[in-house]
Amino acid sequence: MGLGGCIILIAVGAILTFATDWDMQGVNLDLVGIILMIVGLIGVTTFSSIARRRRVVVPPTTPGVVQDPAVHHRRDGYSDGYGV
């Protein structure tokens, strides 16, 4: 489950807990909402810890200074094949 799914679980749980006043026989919607919010929070913390471990900083390895020889091409419109 990705980060978006965890956030959706938290939002649905909050809606069930705080914004509804439904009464279902045999089901406590407040408890279901709290359980969904807890599962969503566990998912967010797990996702963030896994994402933190994936970010490995590799120091750049440059083989010193590379100097390109300065090559100047004269572009007059005739020597590059145009107009022939």
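How many Å should the 17 residues of α1 span at 1.5 Å a residue, and how far apart are its end C-alpha atoms? Keep that in mind for the second view of this predicted model.

**View 1. The whole protein, with its two helices.** Start here to get your bearings: this predicted model has two helices and zero strands. Of its 84 residues, 14% are buried. Take the contacts with a separation of 6 or more, and 50% of them come from residues 24 or more positions apart. The accessible surface adds up to about 7500 Å², and carbon and sulfur atoms hold 64% of that.

**View 2. Helix α1 from end to end, residues 3-19.** Back to the opening question: at 1.5 Å a residue, α1 should span 24 Å, and its end C-alpha atoms sit 23 Å apart, so the two figures agree.

**View 3. The buried side of α1.** Look for C6, L9, G13, L16 and T17, the buried residues of this helix. They take up an arc of only 95° around the axis, which means they lie on the same side of α1.

**View 4. The other face of α1.** Turned away from the buried side, this face carries I8, F18 and A19, which are exposed.

**View 5. A nonpolar patch on the surface.** Three residues, L3, I7 and F47, make up this patch of about 250 Å². One of them, I7, has its place in helix α1.

Methods: Residues are numbered from 1 along each chain as its sequence is written. This is a predicted model: local features need pLDDT of at least 70, side-chain atom pairs count only at pLDDT 80 or more; totals for chains, interfaces and linings use all residues. Side-chain values use heavy atoms; hydrogens and water are left out. Helices (H or I, at least four residues) and strands (E, at least two) are DSSP runs, numbered from the N terminus. Buried means under 20% relative accessible area, exposed over 50%, partly exposed in between (1.4 Å probe, protein chains only). Contact means heavy atoms within 4.5 Å. Accessible areas come from the Shrake-Rupley method with a 1.4 Å probe; for residues, only the protein chains shown count as cover. Patches are made of residues with over 30% relative accessible area and no salt bridge: like charges are joined within 9 Å, nonpolar side chains (Val, Leu, Ile, Met, Phe, Trp, Tyr) within 5 Å. A salt bridge is a side-chain nitrogen of Lys or Arg within 4 Å of a carboxyl oxygen of Asp or Glu. The expected span of a helix is 1.5 Å times one less than its number of residues. The arc is that of the directions from the helix axis to the C-beta atoms.
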